[in-house]
Amino acid sequence: MVFSFPSTSIFVICYPTLTCLEVCSPLSTSTPLKLNDGTASFDNTEYRRIIGSLQYLSLTRPNISFAVNKLSQFMHKPTPTHWAATKRLLRYLKQTIFHGIQLISHTHPSLTTFSDADWAGNLDDRTSTSVYIIFLGSNPVSWSSKKQRAVARSSTEAEYRALANAASETVWIHSLLHELGFKLNTTPSLLCDNLGATHLSHNPVHHSRMKHIQIDLHFVRDLYTSCSYIIIQKIIVNVTIKDAIII
Amino acid sequence: METFSPVVKPATIRIILSIVVMNGWGLRQLDINNAFLHGALSETVYMLQPPGFKDLSKPGHVCQLRKAIYGLKQAPWAWYSALKTAILQFGFKNSQTDSSLFIFRYTSIICYFLVYVDDLVITGNNSDFVNSIVKQLGCKFSLKDMGSLHYF
């Protein structure tokens, strides 16, 4: 069973002038996007209109959520560079127009969360971005890409904040499944690719350097230790699923 | 004054869809006709006589509303509480985690009810039970049975 909003096709048809250059990812990794890139800003009405539609589209497309979140940060003052990145995203959508979320019936009743952060990825204020994607069996059910509010001084700190964010959503989904009477056959697992962050969630190492993120720290650790709600593991594979949303 | 009508969270829809696919259940979609007109009003509200329907003998009179009407601030909330009361009467429980989700679990029967203002999705493991709920709901509100879910 494949679900996708018909809006992808409607959306791309509105822009028939797009040339069909081959693009294989939603955002370019070589051209960084900054708030002030030296080019003059221009009329932002059209830009805002497209970003608004893209935000709606990301309800069924986890693969564009990072790109849409990034481009949304320039809504107040878009420049030709941002406009070019948006058009590139539209080209990507045109190429993947028939993609949707595939829900599979024969899958294990388990809850798996992948979390990640791009440390200091924002070139304007050096904040990081938290991302997570949650799978029920092999069906994606929840995802998010969000700019962190405070600057992280180490990648562990950035990853840990992302982990806390992902943990709270996982607990919410866990309680929803419990209410629905849906039984999981394993404890929900939270996967993160930072060894420091996994160690931190198990025991209080590096306490002196982590004092300032105590709320997140205790939140995740409590879930892990007292309630046995979740297990937190370091992900071992090289190419991970969450890379799909953070590119 | 409450003016808010909850909409279902995208994650809740995806979880329900996922469970439905995993169990091979059917999905029914319903649409309520003129949803906001079903709500009851707790406040006294007056309205100018609508253009074209003015009583020429009493042009200075106003109408007192007995029920909610479109454009009224409290209409979405009034509709939600009317629907909620009806669903709770059928034996459903309001979910603690998402207020627009209603759950029925009794013996082996499971039934989920999703509310997106006037769009409703109903699913469960017993199609006879789902049919009876749709029928009972049809007696309370005028609704359009859209058949199996294709767009939400």
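This section describes the fold of chain B, two backbone positions within it, and one helix of chain A. The structure is a predicted model.

Chain B contains 3 helices and 8 strands. Their order along the sequence is α-β-β-β-α-β-β-β-β-α-β. Taken along the principal axes, the C-alpha atoms of this chain fill a box of roughly 65 × 30 × 25 Å. Of its 152 residues, 34% count as buried. When contacts in chain B between residues at least 6 apart in sequence are considered, 64% of them join residues at least 24 apart.

Two residues of chain B, both in loops between strands, were examined for their backbone conformation. In general, most residues other than glycine have a negative phi. Thr107(B), by contrast, has a positive phi, near 45°, although this residue is not a glycine. Thr107(B) lies in the loop that links β5 (101-106) to β6 (109-116) of chain B. Its surroundings are sparse in the sense of the burial count: because 6 other C-beta atoms are found within 10 Å, and the limit for an exposed residue is 12 or fewer, Thr107(B) is classed as exposed.

Val117(B) also departs from the negative range, with a positive phi of about 50° in a residue that is not a glycine. The position of Val117(B) is in the loop between β6 and β7 (119-124) of chain B. With 17 other C-beta atoms within 10 Å, Val117(B) is partly exposed, since this count falls between the limit of 12 for exposed residues and that of 20 for buried ones.

In chain A, helix α2 comprises 13 residues, from 45 to 57. The distance from its first C-alpha to its last is 19 Å, close to the 18 Å expected at 1.5 Å a residue. Four positions of α2(A) are buried, namely Tyr47(A), Ile50(A), Ile51(A) and Leu54(A). These residues lie on the same side of α2(A), because they cover an arc of only 100° around the axis. An α-helix has 3.6 residues a turn, so residues three or four places apart point the same way.

The buried residues of α2(A) pack against two further helices of chain A, α3 (65-72) and α4 (80-95). On the face of α2(A) turned away from this buried side are the exposed residues Thr45(A), Arg49(A) and Gly52(A). Helix α2(A) thus presents a buried side, which carries Tyr47(A), Ile50(A), Ile51(A) and Leu54(A), and an opposite face with exposed residues.

Conventions: Residues numbered from 1 in each chain as written. Chains lettered and ligands numbered in written order. Predicted model: local features only at pLDDT ≥ 70, side-chain atom pairs only at ≥ 80, totals over all residues. Expected span 1.5 Å × (residues − 1). Arc of directions from axis to C-beta. Contact = placed C-beta atoms within 7 Å.
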